[in-house]
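Here is a short report on the pockets of one protein chain. Look at the model first, then read on.

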Amino acid sequence: MSSSGGTALRPRLLGRATVNAVVAVFVAYTLLPVLWLVLAAAKDRDALFSSDLLSPGGFSFARNLRDLFAMDGGLYGHWYVNSLLYAVLGAAVGSLVSVACGYAFDKYRFRHKEKLFGLVLAAVMVPQTVLALPLYLMASEAGLVNTFWAVFVPVLFNPFGVYLGRIFSRGYVPDEVLEAARVDGAGELTAYARVALRMLGPGLVTVFLFQLTAIWNNFFLPMVMLSDQDLYPVSLGLYAWNSAASVSPEYYPVVIMGSLLAVLPLVAAFVLLQRFWRSGLTAGAVK
């Protein structure tokens, strides 16, 4: 019995070790670039060019941070505020729009509903880079090129968010609750705002996080729409500085420091909102 039990236990331990090894590889693949970024942001230009990141010498974190916000008249501060406006405000409004659309697709019956939802699913598969030129032409006709709205308005509409909104509405908002609200005299907008939207909280947070990440990392659309550097987001501004670094090496330390600071809002958003997100993952599991 002991021999057969040991034989059965061995493949199980081997499988667990394999899984742990694969997870360790992926964790290292994710964390090593972040570790390099943290170390490089704390070094001066000479240490960067000599690839001497692990030595105690060449520490220049405070100076790099000061130079970052002083470079080109403090442009990085403008870019950071722009990114916060584009991403946080755009994700908040876009998630509300997406969840409301998903709720409507789930709870209401109207003509050609499934065909229209099919178009939404088809739009999910269209790369955003393909839409950049048509959006530019539309913005040009409307006179919005090189303005805040040229970047802000297109990010408000997210087909994948609409799909997620319908999924969450189907799973978290029982029809019986809405019927009870209507019997109590609530209108459709009241039932949605006061009843359904509270149940859709985890879905709203999920769509918000997806939107926030996508907008914050958005690069191609601002590059097409904007020529005024004061309107650049962080991603496009750091790209411009990195391109200039080949001629002016003093840009290298500030680009690395700026890249480190650019990661912080996404990390903060996931840390602060994860409890709402995790609560949604188990919603409905226990009756």
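A pocket here is an open set of grid points with protein on both sides within 12 Å along at least five of seven lines. A volume is the space filled by probe spheres set on those points. By this measure the second largest pocket has about 230 Å³.

The model is predicted. Its protein chain has a mean pLDDT of 85. Of the residues, 89% reach 70 or more. Residues 281-287 stay under 50, and the model gives them two contacts beyond four places in sequence.

The two pockets compare as follows.

| Pocket | Volume | Nonpolar lining | Polar lining | Charged lining |
|---|---|---|---|---|
| Largest pocket | about 690 Å³ | 22 residues | five residues | no residues |
| Second largest pocket | about 230 Å³ | three residues | two residues | six residues |

Take the largest pocket. Its lining counts 27 residues. Gln 128, Leu 135, Pro 154, Val 155 and Phe 157 lie nearest the centre. Helices H6 (128-142), H7 (148-152), H8 (159-172), H11 (201-216) and H12 (220-225) each supply at least two lining residues. H6 gives the most, with seven.

Now the second largest pocket. Its lining includes the charged residues Asp 44, Arg 45, Asp 46, Arg 63, Asp 67 and Glu 250. Ser 60, Asn 64, Met 71, Pro 253 and Val 254 also line this pocket. Helices H2 (45-49), H3 (61-70) and H14 (251-281) each supply at least two of the lining residues. H3 has the largest share, three residues.

Which domains supply the lining of the second largest pocket? Domain 1 (12-59) and domain 2 (63-284) each give at least three residues.

Notes:
Residues numbered from 1 in each chain as written. Predicted model: local features only at pLDDT ≥ 70, side-chain atom pairs only at ≥ 80, totals over all residues. Heavy atoms only, no water. pLDDT = per-residue confidence, 0-100. Contact = heavy atoms within 4.5 Å. 1 Å grid on protein atoms, 1.4 Å probe; cavity = no way out; pocket = protein on both sides within 12 Å on 5 of 7 lines; lining within 4 Å. Helix = DSSP H or I, 4+ residues; strand = E, 2+ residues; numbered from the N terminus. Domains from an automatic or database assignment.
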